[in-house]
Amino acid sequence: AQALVPGRTVIGVRDVRALRWLAVAPPVTVTTSATLDPDGNVTVVLDGYARGTVLLAADYPAHPQLPDPPLTGQRPCTDGVREVRAQDLYTDRWMFHGPAFQGVAELGPIADDGITGELIVPPAPGALLDTAGQLLSFWVITRNSRDRIAFPAGIDHVHYYGSPPRPGERVRCVVRIRSISATEVVADLELRRVDGRLWACIDRWRDRRFDSDEVTWPIFLFPERHRIAQRQPGGWFLVRDRWSDPATRELIMRRYLSSAERAEYQRRTPRAARQWLLGRIAVKDAVRQWLWDAGAGPVFPIEITVSNDASGRPRVAGPFTEAPEVSLAHTGSVAAALVGDPGCSPGVGIDIEQITERDDHTVSAILTNAECRLLDAVCSSVADRPSWVTRFWTAKEAVAKAVGTGLSGRPQRFAIERVDGDRLLVATGEGSSRWVQTEVGNEPEPYAVAWTPTEAAALVPQEIPQQLSAHTGGAT
């Protein structure tokens, strides 16, 4: 803006809007424009990412004598157990910022309607206002148990009353909360020099709140130590889509995917990308837990990469000499993964499907006549039928994945031969049968999951189930 109107002084910025994330590693090219407005100010646009109007004048305005009322209910900053000091913001990762943006020197007191702190101007351009925003973010974190992540989305007006403080100078900052809702926090900020003179006043700084809960929040602090996928009885892992908006999903995506994986994610349709990401989260977390169970130290999700071999079977690479066997599946808002030791025999397989009504034509394409009789025997009511049809389907898929062939359009090749509670005995198509464990769930939508135990005892000679199924249909 100053280059466009030489000799003028920047006295403020107004109508700042952040439109989407701008990732700068690896470097990207961004088109910028500066347009002189009729009032002598300059509108600056980072095409597709952000915009704002730079306010210009002959010189800075005089320092106003603004009131400085105390905040309400001031107290030390704590995490509920111990006091949080300024350096803890970065060592404990309340804030993610690197050294060039670590400017909070004194933290607190915090209050019902704001927070104060002392800032040391960092060396990076723009970092001073960023550190002021860190105080606001900390207030949001400590005042909420859910949706604690807050990032700047817009600023109505920034007023400057002098030249910027130099790196190393100290500035006192007061954050005054104007409002807080489920999606947004609005605050006014004041930055004063050590002599008390007002340097900058910010009207209506708006932080957008993003989805987070007790499961996802630790991932934003220490992703190398925590996981989103939840280990289930039986050793498999389940991920539920916990993010109602695409912006939060992208935050999670950047915690889990490498640059190559991000590119693959971006090539997919939004619905396909969502399910694909859930599957990647499930298998990466399952593999990391497998490493932790073996005594490994911290492992970031991004250190595990997932690819597919020529047949489509998932393969993983990471900080290990021999890759474990993995299987993954996703449907709707859920994904599942299963891990076995390297070279384990028989292999591992898992499948998860939504429980829905399937018409007779579909069922007859999935099941043989013998399986239909077995289905009738295990269904205690008509209402049970969709659940059991889905169990049968996922059991076939799980075994087909473990064998390494997939169903290949021939689901009847993998026949259900016996039902024992939640366990199903499935023919592998290779002269043997495998027990498969199944389970149903209802959150966030009804689903059935089937997975293959990894122990060799799960493999049964083919002749035994044939004899059992020949007797009263094989149901127990």
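**Close-up views of the predicted model**

R242 is partly exposed, at 26% relative accessibility (partly exposed lies between buried, under 20% relative accessible area, and exposed, over 50%, with a 1.4 Å probe and protein chains only). The model is predicted: local features need pLDDT of at least 70, side-chain atom pairs count only at pLDDT 80 or more, and totals for chains, interfaces and linings use all residues. Residues are numbered from 1 along each chain as its sequence is written, and side-chain values use heavy atoms, with hydrogens and water left out.

**View 1. Salt bridge between D213 and R242.** The closest N and O atoms of D213 and R242 are 2.7 Å apart (a salt bridge is a side-chain nitrogen of Lys or Arg within 4 Å of a carboxyl oxygen of Asp or Glu). This pair links distant parts of the chain, 29 residues apart: D213 is in the loop between β10 (198–210) and α3 (217–221), and R242 is in the loop between β12 (237–240) and α4 (246–256). Helices (H or I, at least four residues) and strands (E, at least two) are DSSP runs, numbered from the N terminus. D213 is buried, with a relative accessible area of 6%.

**View 2. Salt bridges of R14 and R17.** R14 and D15 meet through their side chains in a salt bridge of 3.9 Å, N to O. R14 is partly exposed at a relative accessible area of 27%, and D15 is partly exposed at 38%. The side chains of R17 and D156 form a salt bridge of 3.7 Å, N to O. R17 lies in strand β1 and D156 in strand β7 (residues 149–160), so this pair ties together parts that are 139 residues apart in sequence. Both count as partly exposed, R17 at 29% relative accessibility and D156 at 22%. Salt bridges that share partners join R17, D156, E184, R204 and R206 into one network. A search of the whole structure finds 37 salt bridges.

**View 3. Surroundings of E106 in strand β5 (residues 104–111).** E106 is partly exposed, with a relative accessible area of 44%. Neighbours within four places in sequence left aside, E106 is in contact with A86, G117, E118 and R170 (contact means heavy atoms within 4.5 Å). W217 is 111 residues from E106 along the chain, and the C-alpha atoms of the two are separated by 25 Å.

**View 4. Helix α9 (residues 385–403).** The 19 residues of α9 reach 27 Å from the first C-alpha to the last, close to the 27 Å expected at 1.5 Å a residue (the expected span is 1.5 Å times one less than the number of residues). Of these 19 residues 16 are buried, so α9 is largely enclosed by the rest of the structure. G404 follows α9 and has a positive phi, near 100 degrees.

**View 5. Nonpolar surface patch of L22, V24 and V28.** Together the three residues have about 240 Å² of accessible area. V28 is found in the loop between β1 (9–18) and β2 (32–36), and counts as partly exposed at 43% relative accessibility. Patches are made of residues with over 30% relative accessible area and no salt bridge; like charges are joined within 9 Å, and nonpolar side chains (Val, Leu, Ile, Met, Phe, Trp, Tyr) within 5 Å. Accessible areas come from the Shrake-Rupley method with a 1.4 Å probe, and for residues only the protein chains shown count as cover.

**View 6. Residues 456–476, where pLDDT stays under 50.** The model has 38 contacts beyond four places in sequence for this segment. pLDDT is the predictor's confidence in each residue, from 0 to 100. Where pLDDT is low, the predicted coordinates should not be read in detail. The chain averages a pLDDT of 90, and 95% of the residues score at least 70.
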